[in-house]
Amino acid sequence: QVQLVESGGGLVQAGGSLRLSCAASGRTFTSSHMAWFRQAPGKERAFVAKINWSGGMTYYVDSVKGRFTISRDNAKNTVYLQMNSLKPEDTAVYYCAALRAWNTETVNYWGQGTQVTVSS
């Protein structure tokens, strides 16, 4: 089992940056593919980015390519999402997740979420 706790959200102006962190506990973190999702007000939760267990592969939704970077430090059991050039449409609750497999968006474990608000 994996427990996930996100941090790093907040209020930022458009064009600014934030780095989200997801601290994981549990024996299986280093073998888990990890992802970030987000849920904007009135919308369904949506995939943002994922990283494989070793950190050697990443994948992003088109809307964040070139602006967001997902990374992980297995020695610290932590996954990160560096968000640059933020836009008001990035405003959402961001969730860290452990994926069931690399080629799926099915989630085994969710974090509790962290709010990101981008003002125009």
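Two residues are in contact when they have heavy atoms within 4.5 Å of each other. Keep that in mind as we walk through this structure, which is a predicted model.

Let's start on the inside with Met34. Leaving aside its neighbours within four places in sequence, Met34 is in contact with a long list of residues, among them Leu4, Phe29, Ala49, Ile51, Ile70, Val79, Cys96 and Leu99. Met34 also belongs to the largest nonpolar core, which has 27 residues. Along with Trp36, Phe68, Ile70, Leu81, Met83 and Tyr94, Met34 is one of the members that touch the most others in that core. Who supplies the residues? Strands E3, E4, E5, E7, E8, E9 and E11 each give two or more. As a rule of thumb, nonpolar side chains in soluble globular proteins tend to be buried together. There is also a second, separate core of 6 residues, including Ala35, Phe47, Leu99 and Val107.

Phe47 leads us nicely to the aromatic rings. The structure has 4 aromatic pairs. In one of them, Phe37 and Phe47 sit edge-to-face, with 5.7 Å from centre to centre and 80° between the planes. Phe37 comes from strand E4 and Phe47 from strand E5, 10 residues apart, and the pair links distant parts of the chain. Both Phe37 and Phe47 are buried. Next come Tyr95 and Trp110: their ring centres are 6.1 Å apart and their planes are at 80°, so this pair is edge-to-face. Here the link runs between strand E9, home of Tyr95, and strand E10, home of Trp110, 15 residues apart. Is each ring buried or partly exposed? Tyr95 has a relative accessible area of 11%, so this residue is buried, while Trp110, at 37%, counts as partly exposed. Add Tyr59 to Phe37, Phe47, Tyr95 and Trp110, and you have one aromatic cluster.

Now for the charges. How many salt bridges does a search of the whole structure find? It finds 3. One joins the side chains of Arg38 and Asp90, at 2.9 Å from N to O. Because Arg38 lies in strand E4 and Asp90 in the loop between E8 and E9, this pair ties together parts that are 52 residues apart in sequence. Asp90 also forms a salt bridge with Arg67, where the closest N and O atoms are 2.8 Å apart. Arg67 lies in the loop between E6 and E7, so its bridge to Asp90 ties together parts 23 residues apart in sequence. Put the pieces together and Arg38, Arg67 and Asp90 are linked in a network of salt bridges. Arg38 counts as buried at 15% relative accessibility, and Asp90 does too, at 1%. Arg67 is buried as well.

Another salt bridge brings together the side chains of Asp62 and Lys65, at 3.0 Å from N to O. Asp62 counts as exposed at 59% relative accessibility, whereas Lys65 is partly exposed at 45%.

Finally, what about a charged residue without a partner? Glu6, in strand E1, is buried yet has no salt bridge. Its nearest side chain of opposite charge, Arg45, is 7.4 Å away, and a salt bridge needs the atoms to be within 4 Å. Instead, look at the backbone around Glu6. Its side chain reaches the backbone nitrogen of Gln112 at 3.0 Å, and the backbone nitrogen of Gly113 lies 3.0 Å from a polar atom of the Glu6 side chain. Glu6 also touches other residues, including Cys22, Trp36, Tyr94 and Cys96.

Note on methods: Residues are numbered from 1 along each chain as its sequence is written. This is a predicted model: local features need pLDDT of at least 70, side-chain atom pairs count only at pLDDT 80 or more; totals for chains, interfaces and linings use all residues. Side-chain values use heavy atoms; hydrogens and water are left out. Helices (H or I, at least four residues) and strands (E, at least two) are DSSP runs, numbered from the N terminus. Buried means under 20% relative accessible area, exposed over 50%, partly exposed in between (1.4 Å probe, protein chains only). Lys and Arg count as positive and Asp and Glu as negative; His and the chain ends are not counted. A polar contact is a pair of N or O atoms within 3.5 Å; within protein, one must be able to donate a hydrogen and the other to accept it, and residues adjacent in sequence count only if both atoms are side-chain atoms. A nonpolar core is a set of buried Ala, Val, Leu, Ile, Met, Phe, Trp, Tyr and Cys residues joined through side-chain atoms within 4.5 Å. Rings of Phe, Tyr and Trp (its six-membered ring) pair if their centres lie within 6.5 Å; planes under 30 degrees apart count as stacked, over 60 as edge-to-face and the rest as tilted.
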